[in-house]
Amino acid sequence: VQLVESGGGLVQAGGSLRLSCAASGTIFSINAMTWYRQAPGQQRELVARITSDGATNYADSVKGRFTISEMAKNTVYLQMSSLKPEDTASYYCAADVRPYSGDSREYYYWGQGTQVTVSS
């Protein structure tokens, strides 16, 4: 299974970006997809998560500014608005994947990340 993120870049404070994460490979189902971020010198933190039934949760720091889309065709988006310099980080996508219909085990996969830089 591969996860590929895209959509990062440089934006001024107050601006918007939309990140995408596409999962491919041997996938029977995806239980949840999650966006994390990690700024230099800081721990990776959960930004937003959505389950296959549409339940979402967000970090307090992004509530009201970021929106995670529902999963469609193994792809999820993160719409980021009213961006702040403190949102600058590498953003990573992760997914709980069940590869095979005959096997209930799930595995956690990570993408390589996409850089978001917000200038003041």
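**A tour from the disulfide to the sheet**

Begin by selecting C21 and C93, both of which are buried, and keep in mind throughout that this is a predicted model. With the side chains of C21 and C93 displayed, you will find a disulfide joining these cysteines, with an S to S distance of 2.0 Å; the structure holds one disulfide. If you turn the view to look along the S-S bond, the link of C21 and C93 is left-handed, with an angle of -80° about that bond. Colouring by strand then shows that the pair connects distant parts of the chain, since C21 belongs to strand β3 while C93 belongs to strand β9 (residues 89-98), and 72 residues separate the two cysteines.

Next, stay with the strand that carries C21 and select residues 17-24, which make up β3, together with β1; these two strands run antiparallel and are joined by five bridges. For one pairing to inspect closely, select V4 and look across to β3, where A22 is its bridge partner.

Now widen the selection to β1, β3, β8 and β7, which in that order form an open sheet of four strands with antiparallel pairing. At the edges of this sheet lie β1, residues 2-6, and β7, residues 66-68, each of which pairs on one side only. Looking across the sheet, you can follow how its neighbouring strands are turned against each other by 15° on average, with direction ignored. When you switch on the backbone display, recall that strands of a sheet pair through backbone hydrogen bonds, either parallel or antiparallel; in the sheet on your screen, the pairing is antiparallel.

Key. Residues are numbered from 1 along each chain as its sequence is written. This is a predicted model: local features need pLDDT of at least 70, side-chain atom pairs count only at pLDDT 80 or more; totals for chains, interfaces and linings use all residues. Side-chain values use heavy atoms; hydrogens and water are left out. Two strands pair if DSSP finds at least two bridges between them. Axes are lines fitted to C-alpha atoms, for helices over the stretch in contact, and angles run from 0 to 180 degrees between N-to-C directions. A disulfide is a pair of cysteine sulfur atoms within 2.5 Å. Buried means under 20% relative accessible area, exposed over 50%, partly exposed in between (1.4 Å probe, protein chains only).
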